[in-house]
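Colleague: Could you take one part of this predicted model and go through it slowly with me? I would like to follow how its pieces meet.

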Amino acid sequence: MTQNIKGFSKLSKEEKINWIVETYFSNPEESKKLVKQYWNASENLQKLHDEFIENTITNFYLPYGVAPNFIINGKHYTVPMAIEESSVVAAASKAAKFWGERGGFKATVINTEKIGQVHFLFKGSVEKLQDFFTEIKPKFFLYTESFTKNMQKRGGGILDIQLIDKTSELENYYQLHATFNTKDSMGANFINTCLEQFAKTLENEAQNFVSFNEDEKNIQVIMSILSNYVPNCLVRAEVSCSIENMSEDELIDSKEFAEKFVNAVKIAEIEPYRAVTHNKGIMNGIDAVVLATGNDFRAIEAGVHAYASKTGQYRSLSHAEIENGIFRFWIDIPLALGTVGGLTSLHPLVKFSLEMLGNPSAEELMKIVAVTGLAQNFAAVRSLTTTGIQQGHMKMHINNILNQHQATKEEKTQVLDYFKNTAISHSLVVDYLDNLRK
């Protein structure tokens, strides 16, 4: 390709595909066939998916699995998980079964506060700005009533608005820092709509504030946007049992295992290199459920990792202790989730996921997601401190290797049998498969 294409978005879906395969691929017909193989047989369903985003040409599939046997606050769940990584669903299921036999998981929503900010520049007296803010604060609520009345009927709405002075960090920089409760919706559109009205009110009212001089009246709004950092939209998930019940394997001493586990978590609390991988394992579970329930995993990831750094150093999200012979493992995690609005009312598999979970409220979904992250973390740390991570992970991954090399059913049977009690790596599997074929 030697130049940009003009008017690409106005092309039909077929025209977009034709341009792509003819521009970039050595075998256009084969590439076009591949793209169309992933179309849904139902024209209406495919049209629905096409309209989720822009310039859609096909669907990109992720495996959708389930992890049964979760008991959370005494209630049984089968948890949907959309993820491509081997062993994640199996690990979550195994951890759910383990803790289900020990009383299950406990989960508590600590708070559901969400945040949005109007960022603006003001050149003038901070005392006059504070007086101005105090005078017009009721108008922020008044002028957004048309947006907030339905949310207020559900028990949500704007909680508070504060003026924040950030001039020590950036010249003339201030914020309107607003907190919200959006009930069962994630609330991004609601929050952003309110914030943009706050910005208009701020600018308009400044023009009429008698104490301001001409420069002070010209407040410059830079942007109005919600924050995905929600340290006060917090849920706790936890498990506990006697250390004597910590092992299912007679070859593994329960007390030794419990102590190693606690130390492994403490290492992740103080060592950032370990903490990143430790928390990635937690997010394996969290992201999979967030995706399956139609929520924004990128927003969750950004907020969670910011929370992991709240002390100024990146640390483990989970914690463990042994006290009076009781092992306790828990996680406090910020999760801004929704069960109404967005994809939750559009995507058929999202609706399927939510119905399978009993059509949870946003708070109940927060508990389910946090528990899945904790379960995933338990499974990973247990493997690391006992058999090693590769034994379970590579045995799950071996099918991917065999499929990559187009192994037959008979070849798969022989390879799997050979590696039952043998160390596994990609190269060892490929070498063994090559020898079979010779």
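Modeller: Begin where two helices touch: Val 265, Ile 267, Ala 268 and Ile 270 in H9 meet Pro 272, Arg 274, Ala 275 and His 278 in H10. If you sort the residues of this contact by character, you find 6 nonpolar, 1 polar and 1 charged. H9 covers residues 254-270 and H10 covers residues 272-292, and the two pack with their axes 6 Å apart, at an angle of about 115°. Angles from 65 to 115 degrees count as roughly perpendicular, and H9 and H10 are therefore described as roughly perpendicular to each other. The crossing in which H9 passes H10 is left-handed.

Elsewhere in the model, which is predicted, there is an open sheet of 4 strands, and reading across it gives the order E5-E6-E4-E7, with antiparallel pairing. Strand E5 (157-165) and strand E7 (220-227) stand at the edges, and because each has a single partner strand, one side of each is left without a neighbour in the sheet. From one strand to the next, the twist averages 15°.

Within the sheet, strand E4 (residues 114-121) and strand E6 (residues 173-181) run antiparallel and are joined by 8 bridges; to trace one of them, start at Lys 114, whose bridge partner in E6 is Phe 180. Helix H5, made of residues 126-142, packs on this sheet and touches E4, E5 and E6, while its direction makes about 170° with that of E5.

Conventions. Residues are numbered from 1 along each chain as its sequence is written. This is a predicted model: local features need pLDDT of at least 70, side-chain atom pairs count only at pLDDT 80 or more; totals for chains, interfaces and linings use all residues. Side-chain values use heavy atoms; hydrogens and water are left out. Axes are lines fitted to C-alpha atoms, for helices over the stretch in contact, and angles run from 0 to 180 degrees between N-to-C directions. Angles under 35 degrees count as roughly parallel, over 145 as roughly antiparallel, 65 to 115 as roughly perpendicular and the rest as oblique. A crossing is left-handed if the near helix is turned anticlockwise from the far one by less than a right angle, and right-handed if clockwise. Contact means heavy atoms within 4.5 Å. Ala, Val, Leu, Ile, Met, Phe, Trp, Tyr, Cys and Pro count as nonpolar, Asp, Glu, Lys and Arg as charged, and the others, Gly among them, as polar. Two strands pair if DSSP finds at least two bridges between them.
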